[in-house]
Amino acid sequence: MVKVTWLGHAFFRIDGEKASVLIDPFVNGNPMCPVKVDDLKGVTAIIVTHYHGDHYGDCVEIAKKNDAPIIAIHEIAVHASKEGAKSESTNYYGKVEVGNVIVHLVPAWHSSEIGSPAGAIVKIDGKTIYHAGDTGLFYDMKLIGEIFKPDLMMVPIGGRWNMNPELAAIAVSYVKPKIVIPMHYNTFPPIEQDPEEFKRHVEEKAPDVKVVILKPGESVEI
Ligand code: NI
Ligand code: MN
């Protein structure tokens, strides 16, 4: 059993039997985040999808406190190392193994102040999770779905800097995960969205996919 907890915005905690992985740990400055940096214990790896403040967030402090590596695109990993954190560098479709967790970064159509923007595939305890990062819609999402066959996808629906609910539902129809969780909405006024609208679009465009709408702090078990 893998427990996936939404901590607001694009920040998720994935707990397996022996590993706990954070993705995009945006704690300070995130009005939707229900935890403090000091609450984040037992972390074994931290994935950062790209270098924007709402994704790189507090990764260095959390990495140091937990003695956990930051997994990121090469230039971001090098930057995190310069800030004193352990890091593991990779690039699109490469592979990093930390403990029993395998991480592949995949493309995302977005921008990044350092390096290139990515999505992340996390393989843990027999489950595969695809966190799409901040991304616009792109057709290679079909390839990501075909190769990795994710059990769970997290997809941004904020609409200002990435996809709106309708485009995000098209992305879901390309990837075909078993379950999808919408993210990156309602953190700030410019990205106010109704996740129920996303759910309606998914029911129309990808009826086999189950939509799970979480509140920050809530979990799903897969
Ligand atoms: Ni961004
Ligand atoms: Mn963002």
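The mean positions of the 22 positive and 29 negative charges of the protein chain lie 4 Å apart in this predicted model. The chain folds into six helices and 14 strands, and it carries a manganese site whose protein donors are two aspartates and two histidines: Asp54, His55, Asp134 and His184.

**Overall fold**
- With a radius of gyration of 16 Å, close to the 17 Å given by the globule rule for 222 residues, the protein chain is as compact as a globular protein of that length.
- The C-alpha trace spans about 45 × 35 × 35 Å along its principal axes.
- Of the contacts between residues at least 6 apart in sequence, 59% join residues at least 24 apart.

**Burial and surface**
- Buried residues account for 58% of the 222 residues in the protein chain.
- The protein chain exposes about 9200 Å², of which carbon and sulfur atoms supply 49%.

**Metal site**
- The manganese ion (ligand 2) is bound through OD of Asp54, NE2 of His55, OD of Asp134 and NE2 of His184, at 2.2 to 2.3 Å.
- The donor residues of this ion follow the sequence spacing D-H-x78-D-x49-H.
- Asp54 belongs to helix H1 (residues 53-56), whereas His184 sits in the loop between strand E12 (179-183) and helix H6 (195-205), so the pair ties together parts that are 130 residues apart in sequence.
- Asp54 counts as buried at 18% relative accessibility, and His184 is buried with a relative accessible area of 2%.
- Asp134 bridges the manganese ion (ligand 2) and the nickel ion (ligand 1), and the two ions lie 3.3 Å apart.

Definitions and conventions:
Residues numbered from 1 in each chain as written. Chains lettered and ligands numbered in written order. Predicted model: local features only at pLDDT ≥ 70, side-chain atom pairs only at ≥ 80, totals over all residues. Heavy atoms only, no water. Donors = N, O, S within 2.8 Å, 3.2 Å for Na, K, Ca; no water. Helix = DSSP H or I, 4+ residues; strand = E, 2+ residues; numbered from the N terminus. Buried < 20%, exposed > 50% of the residue type's maximum accessible area, 1.4 Å probe, protein only. Rg over C-alpha atoms; globule rule 2.2 N^0.38 Å. Contact = heavy atoms within 4.5 Å. Areas by Shrake-Rupley, 256 points an atom, 1.4 Å probe, with all protein chains shown as cover. Lys, Arg positive; Asp, Glu negative; His and termini not counted. Charge placed at Lys NZ, Arg CZ, Asp CG, Glu CD.
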